[in-house]
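Reader: Before I rely on any label, I would like to see how each one is reached. Could we go through the reasoning step by step?

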Amino acid sequence: MKGIGAAGMRALHAAGPVALLMLVLSPLAVLPSLAGFSPAGGLAAQEGQREARETAEAAELARRDSLRRIFDPAGAFEPLDLPEPGEFRDAAGAPGEAYWQQRVDYHIRVTLDDDRIEGTERITYTNNSPDSLTSIWVQLDQNLFRETSYGALRAEELGGEVRHGGFFKDGGFVISGVRADLGGEMTVPEYRTEDTMMEILLGEPLPPGGSQVEVEIDFAFEIPETGGDRMGKLDIRGGIIYQLAQWYPRVFTYDDVNGWNQSPFLGQGEWYLEYGDFDVELTVPRDFIVVATGELLNPEEVLTLMQRERLAEARLSEEAVHIIRPDEAGEDHTRPPGEAPLTWRFRAENVRDFAWATSDRFVWDAAGWEDVLIMSAYPQESIGGPAGSGWERSTEYLRHSVRYYSEKWLRYPYPVAINVAGLALGMEYPMIVFCSWRSRGAFLFAVTDHEIGHTWFPMIVGSDERRYAWMDEGFNTFINYYSGIEFAGGEPILGQLMSPAQIATDTRLPSSPVYTPADSIPEADIGVLAYNKPAAVLVLLREEILGPDVFDEGFREYIRRWAYKHPQPADFIRTMEDVSGQDLDWFFRGWIYDDAILDQAIASVTRVGDTTRVVFENRGGIPMPLEARILFQDGEEQRYEVPVDAWQVDGTYVLEVPGGPVRNVQIDPDGVMPDVNRGNNVWGRGILGRRPPR
Ligand SMILES: [Zn+2]
């Protein structure tokens with residue numbers, strides 16, 4: 001806080017996690033704007049304003065703290081009110097005996113022509129639920145970019161400047177045909193659309209138990225300039241890069257908890273998607289290269305012999321091999337001879353989405369890890385120079401992440417992993433991620449590692465991102481923390497974000513719990529509530545509560561149980577409790593369901609005969625284990641651990657210390673807890689955190 005001020009921290013959070021990474025990597029670059037420096041105002045006036053703002057913010061923090069300080073032992077240790085377990089989800093947190101989920105397969109054919117996508121999809125919907133369905137709900141995400149969308153209206157209400165905007169006059173899907181196989185014949189069903197949602201009425205209900213219906217939709221849309229910082233187009237030297245996502249009508253998830261999970265796409269909250277197979281045919285101008293979710297089925301039609309040979313070489317190489325060298329990008333000889341557009345065919349199995357990118361100026365390189373082809377596609381201007389490295393290291397970063405997460409959590413299950421440079425700051429799709437063409441150096445590592453980390457959450461473990469952003473961004477940021485440490489050889493790349501002091505600050509700033517639906521989190525708090533706080537509390541749970549071995553066993557079991565399925569928060573909590581054998585309701589209640597803060601304190605230290613009586617108090621809303629270090633006058637040192645259950649009855653714990661006079665007592669001497677007030681953690685003489693001279 002010092003030197004930056006709460007407003008500064010909030011300003012950083014406003015831009016999301018990527019901006020937070022920037023703070024870590026280049027604090028000097030962002031500090032001037034944080035201080036609110038403006039050449040027009042006098043320095044003294046600015047200083048006065050800054051002080052006034054800081055005073056007001058300090059008062060606000062103090063008020064919030066006092067509200068959250070009341071420690072209620074009974075409430076803190078009360079069992080969480082989780083949904084009743086049953087045949088679909090069992091009490092141990094695993095899918096139940098009768099667990100089911102729907103399946104959605106897609107066959108999509110589109111053409112890219114002059115900033116426009118046009119084509120047809122055939123959806124095969126399999127109803128594995130025990131319910132008869134009278135309609136199919138489809139998401140029309142491009143409709144967000146209409147100037148009159150719910151998202152646009154919401155952005156206007158919020159002041160117009162939102163990261164996930166990009167509304168324009170011709171935005172949105174044009175749906176020119178809808179057909180459904182009703183009673184063995186493709187006919188036009190009744191359907192209605194509202195904002196980003198479409199309901200297709202089936203006439204005859206679709207029976208339970210694996211029955212199928214086929215739906216065809218003809219669609220087109222103008223590619224947005226900036227599609228909510230998740231897709232769009234970027235002009236580059238001599239050409240263009242399209243990043244295409246949310247580009248075809250996608251079916252909403254139907255599950256045992258909410259039935260249809262239809263809700264409008266407002267821009268901030270992400271998705272909750274069904275698994276299935278994709279067959280996709282993408283027709284683009286001949287001079288364009290395509291990279292996409294899935295395996296390329298017709299390389300002999302769309303690649304030159306030299307490119308196919310280079311790809312074969314790359315598969316066996318640990319180092320990146322150029323498929324298109326920087327000096328070849330955009331050259332005629334990089335395309336098969338001829339004039340007509342080319343159709344690129346891809347197949348992807350067991351994925352929840354499909355994205356692609358295409359450019360007439362891609363530099364393209366690749367390497368292999370086991371049988372995974374790791375690739376990067378970027379413009380010449382993304383290559384680094386004397387000032388630092390750039391996208392020429394992307395494949396190395398991606399390869400590290402794919403290998404590391406595979407070895408640590410669950411093997412990467414797909415045939416390709418691709419990083420594409422473009423307009424989007426950082427966005428994840430199965431087998432393909434979009435990162436900013438401007439990213440460089442450590443920041444490019446961090447954003448690449450983050451986006452491909454999403455392979456595990458939510459691409460493999462298919463949670464509901466829109467309701468539970470923390471199970472997507474938070475879990476991913478948690479695994480990124482350890483990936484960064486390994487890549488940097490022991491130095492945490494996200495270190496400052498995960499430091500106890502930063503977590504303490506983070507727990508004080510947001511006004512709502514982590515357990516807040518993504519669209520209800522103020523944009524300024526997204527970075528903390530969806531990313532850093534849930535990640536940091538998982539680090540706490542791993543390092544301070546369960547220990548790495550037990551935590552990792554539980555986390556791996558959660559991934560194993562829910563891979564390619566749809567877990568709810570209760571399934572995660574129950575799995576961690578099941579594997580660890582510990583009741584962790586108090587932990588998840590305080591850190592995830594509530595917005596409690598931690599404040600452990602030394603209330604008094606008194607000498608009674610031969611013993612010293614130390615009174616600890618829990619002055620925050622959440623109980624945590626307490627570790628204390630006692631230094632005696634003779635220089636001896638002892639450590640005491642107070643288990644969390646010591647707070648079950650009240651907020652006071654008395655420690656009787658036998659032996660000689662005590663010189664110094666300190667709570668959390670290693671500084672691992674996110675205690676909001678460390679001033680009351682120490683009693684006595686001796687320099688804080690340092691051993692006094694003997
Ligand atoms: Zn993310």
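Author: What follows takes up a few labels in turn, all for a predicted model.

Reader: What makes the arrangement around the zinc ion irregular?

Author: The zinc ion is coordinated by NE2 of His450, NE2 of His454 and two OE atoms of Glu473, at 2.0 to 2.7 Å. These 4 donor atoms subtend angles of 54 to 149°, whereas four donors count as tetrahedral if all angles lie between 85 and 135 degrees, and as square planar if opposite donors are over 155 degrees apart and all others between 65 and 115. The angles fit neither description, and the arrangement is therefore called irregular.

Reader: Why can His454 and Glu473 be said to tie parts of the chain together?

Author: His454 lies in the loop between helix H10 (441-453) and helix H11 (455-460), while Glu473 belongs to helix H12 (residues 473-487), so the pair links parts that are 19 residues apart in sequence.

Reader: Why is His454 called buried, and why Glu473?

Author: Buried means under 20% relative accessible area; because His454 has 0% and Glu473 has 5%, both residues meet that condition.

Reader: How do you know that Glu428 has no salt bridge?

Author: A salt bridge requires a side-chain nitrogen of Lys or Arg within 4 Å of a carboxyl oxygen of Asp or Glu; the nearest side chain of opposite charge to the buried Glu428 is Arg230, at 5.9 Å, so the condition is not met.

Reader: What, then, joins the side chains of Glu428 and His454?

Author: A polar contact of 3.5 Å joins them, and Glu428, which lies in strand S24 (residues 426-429), also has Glu473 among its contacts.

Terms used: Residues numbered from 1 in each chain as written. Predicted model: local features only at pLDDT ≥ 70, side-chain atom pairs only at ≥ 80, totals over all residues. Heavy atoms only, no water. Helix = DSSP H or I, 4+ residues; strand = E, 2+ residues; numbered from the N terminus. Buried < 20%, exposed > 50% of the residue type's maximum accessible area, 1.4 Å probe, protein only. Lys, Arg positive; Asp, Glu negative; His and termini not counted. Polar contact = N/O pair within 3.5 Å; in protein donor to acceptor, adjacent residues only side chain to side chain. Contact = heavy atoms within 4.5 Å. Donors = N, O, S within 2.8 Å, 3.2 Å for Na, K, Ca; no water. Tetrahedral: all angles 85-135°; square planar, octahedral: opposite > 155°, others 65-115°. Lists of a residue's contacts leave out its neighbours within four places in sequence.
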